[in-house]
Amino acid sequence: MKSSVLILFLSYCLLEESTFSVARDFQQETENQDSEDQCNSYCYLTFKPFLDHLVELKQAANTSDELKEKINTLVLSNKDLHIQLSNAEGLDRIINFKDERIEETSKLLKDKDDKIKNQLDLLRNKEETISNLQRELAIAKIQIENKNNLIHINEDQLKDKSEQIKNKEKRIQLKEQQIKEKDENINIKITQINDQSADNMKQIDELTNQVKSLSEKLTEKTELLLKGSRMDCPREGPTGIYNIKMGGINAFEVPCSSSGWMIIQRRMDGSKDFNRNWVDYKNGFGDVKREFFIGLEKLHQMTEAQPYELYIHLRDINGTSRYAKYDNFKVGSEMEGYELTTIGNYSGTAGDSLKYHEKSKFSTHDRDNDSHRENCARLNNGGWWYKSCAHSSLNGKYYKNGKKEAQGKYGIFWGTWKEYDYTISLTYIEMMIRPKNI
């Protein structure tokens with residue numbers, strides 16, 4: 001159907017073209033002969049619409065041809081576009097593939113860049129290390145040069161010293177030769193002396209025997225001097241340290257005065273700690289030349305054997321002295337707790353601060369024999385004949401400034417002298433005894 005229409009359309013176009021050309025020629029002729037032939041004018045008017053229609057058809061045909069050409073062009077363009085589109089899809093795949101390759105390549109390049117950076121960093125570090133090593137090498141070279149210089153200097157010094165040693169060795173050899181010569185001379189003289197000393201030796205032996213005899217006599221006299229009469233200090237004799245020998249206990253040393261007083265206790269500088277246990281106070285402790293306590297067992301043995309009187313010498317921080325004397329001092333046995341059995345009558349300038357303690361047992365920090373609810377020896381920091389607790393304590397804590405500390409232990413006090421101000425601590429005390437018959 002479409003092909004038939006197309007054939008009719010083409011035939012019409014050909015007829016139209018020929019008709020149009022005839023009409024055009026006729027029109028031209030008639031137009032040229034307007035004034036001459038009215039028939040032609042009539043014919044023209046008759047055929048003019050038809051001719052105009054033919055012209056319009058021709059124009060339409062031309063327009064159709066142009067449209068056909070445009071359609072053909074568009075068809076070709078469409079084919080080209082389809083071809084381009086198909087090619088473009090292939091290109092897109094290629095581009096995508098290439099993009100992926102580019103990304104991979106970029107990653108590889110980035111990795112390579114990182115590796116290159118790391119290698120560059122390593123190279124920089126190596127360069128720095130090399131430069132540091134070069135500096136250290138330069139310093140080491142300088143040090144080696146300095147050491148070499150020192151070695152050279154030391155070698156020179158050693159050479160000088162070796163030369164000096166050689167010179168000294170030569171001098172020593174000369175001196176050894178001189179010594180040998182002198183030794184020979186000495187040996188000769190010794191031989192001469194030995195020959196002469198045979199007689200002198202007899203004289204020396206005699207003199208030695210005489211010296212020995214005199215020494216033995218001197219020792220006997222010294223022992224007699226140092227020994228007291230029985231178990232007491234000598235009635236007459238110089239002040240000093242004497243040996244006392246009595247039954248039941250070993251011999252012991254005591255300080256004695258020239259008037260026969262035996263010192264049994266002394267406090268003077270705080271060099272000894274008097275906060276001792278029961279055994280120490282029983283046996284005695286300290287240095288008889290400075291601070292000491294003679295021992296309760298010795299006091300018991302002596303006062304049990306015969307009556308003794310007691311003398312107490314006191315001094316404070318200001319150098320003021322007082323004394324207290326008792327005419328019948330006696331200490332009981334250990335079984336009795338070394339009780340202060342009796343003290344007798346008082347006389348003196350310090351006041352009587354010991355009578356309160358008569359008939360009291362001796363107490364230490366590890367042997368509480370007092371009547372107080374607490375241990376008086378712990379409170380007063382030393383052993384004494386405590387009752388509840390004390391009017392006097394001569395074995396308390398030593399304070400060099402003569403004053404008890406606010407929260408400290410009690411010091412050395414004699415209540416009646418200082419109006420029972422127990423913050424005052426005395427700085428010098430001596431307790432002495434001697435037989436009543438002196």
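Where is the place of Gln265? Look in strand 3, which covers residues 262-267. Keep in mind that this is a predicted model. The legends below start with the whole chain and then move to close-ups.

**Figure 1. The whole chain, with 5 helices and 12 strands.**
The chain has 438 residues, and 28% of them count as buried. About 29700 Å² of the chain is exposed, and carbon and sulfur atoms supply 53% of that area. Now take the contacts between residues at least 6 apart in sequence: 52% of these join residues at least 24 apart.

**Figure 2. Gln265, a buried residue in strand 3.**
Gln265 sits at 0% relative accessibility, so it counts as buried. Its side chain makes a polar contact of 2.8 Å with the side chain of Asn395. Setting aside neighbours within four places in sequence, Gln265 is also in contact with Phe274, Phe292, Phe293, Leu394, Ile429, Glu430 and Met431, among others.

**Figure 3. Ile312 and Trp414 in the largest nonpolar core.**
This core has 54 residues, and Ile312 and Trp414 are the ones that touch the most other members. Who does Trp414 contact, leaving aside its neighbours within four places in sequence? Ile312 is one of them, together with Leu314, Ala324, Tyr326, Ala350, Gly351, Ser353 and Leu354. The list of Trp414 contacts carries on with His391, Ser392, Leu394 and Leu426.

**Figure 4. Ser360, in the loop between strand 9 and helix 5.**
Strand 9 spans 346-348 and helix 5 spans 376-380, and Ser360 lies in the loop that runs between them. Is Ser360 buried or exposed? With a relative accessibility of 7%, Ser360 counts as buried. Not counting residues up to four places away in sequence, Ser360 touches Glu339, Leu340, Trp385, Tyr386 and Lys387. Pick out Lys387 from that group: it is 27 residues from Ser360 along the chain, yet the two C-alpha atoms are separated by 5.9 Å.

**Figure 5. A salt bridge between Arg290 and Asp269.**
Side chains of opposite charge can pair when their charged atoms come close. In this pair, the closest N and O atoms are 2.5 Å apart. Arg290 is in the loop between strand 4 (285-286) and strand 5 (292-293), while Asp269 is in the loop between strand 3 and helix 3 (278-283), so the salt bridge ties together parts that are 21 residues apart in sequence. Both partners are partly exposed: Arg290 has 38% relative accessibility, and Asp269 has 21%. The structure holds 10 salt bridges, and a few others appear in the next views.

**Figure 6. Helix 4, and the salt bridge from Glu304 to Lys330.**
Helix 4 is mostly covered, with 7 of its 10 residues buried. Those buried residues are Leu296, Glu297, Lys298, Leu299, His300, Met302 and Thr303. Glu304 is partly exposed instead, with a relative accessible area of 47%. The side chain of Glu304 meets that of Lys330 in a salt bridge, at 3.8 Å from N to O. Glu304 belongs to helix 4 (residues 296-305) and Lys330 to strand 7 (residues 321-331), so this pair ties together parts that are 26 residues apart in sequence. Lys330 is partly exposed too, with a relative accessible area of 28%.

**Figure 7. The salt bridge between Glu358 and Lys355, and a network of three residues.**
Glu358 and Lys355 meet through their side chains, 2.9 Å from N to O. Which of the two words, buried or exposed, fits Glu358? The word is buried, because Glu358 has 16% relative accessibility and the cut-off for buried is under 20%. Lys355 counts as partly exposed, at 39% relative accessibility. For the second part of this view, find Glu309, Lys325 and Arg434, which salt bridges link into a network.

**Figure 8. A nonpolar patch on the surface, formed by Ile116, Leu120 and Leu123.**
Together, Ile116, Leu120 and Leu123 have about 250 Å² of accessible area. To find the patch, follow helix 2 (residues 38-226), where Ile116 is located. Ile116 has a relative accessible area of 44%, so it is partly exposed.

Terms used
Residues are numbered from 1 along each chain as its sequence is written. This is a predicted model: local features need pLDDT of at least 70, side-chain atom pairs count only at pLDDT 80 or more; totals for chains, interfaces and linings use all residues. Side-chain values use heavy atoms; hydrogens and water are left out. A nonpolar core is a set of buried Ala, Val, Leu, Ile, Met, Phe, Trp, Tyr and Cys residues joined through side-chain atoms within 4.5 Å. Buried means under 20% relative accessible area, exposed over 50%, partly exposed in between (1.4 Å probe, protein chains only). Contact means heavy atoms within 4.5 Å. Helices (H or I, at least four residues) and strands (E, at least two) are DSSP runs, numbered from the N terminus. Patches are made of residues with over 30% relative accessible area and no salt bridge: like charges are joined within 9 Å, nonpolar side chains (Val, Leu, Ile, Met, Phe, Trp, Tyr) within 5 Å. Accessible areas come from the Shrake-Rupley method with a 1.4 Å probe; for residues, only the protein chains shown count as cover. A salt bridge is a side-chain nitrogen of Lys or Arg within 4 Å of a carboxyl oxygen of Asp or Glu. A polar contact is a pair of N or O atoms within 3.5 Å; within protein, one must be able to donate a hydrogen and the other to accept it, and residues adjacent in sequence count only if both atoms are side-chain atoms.
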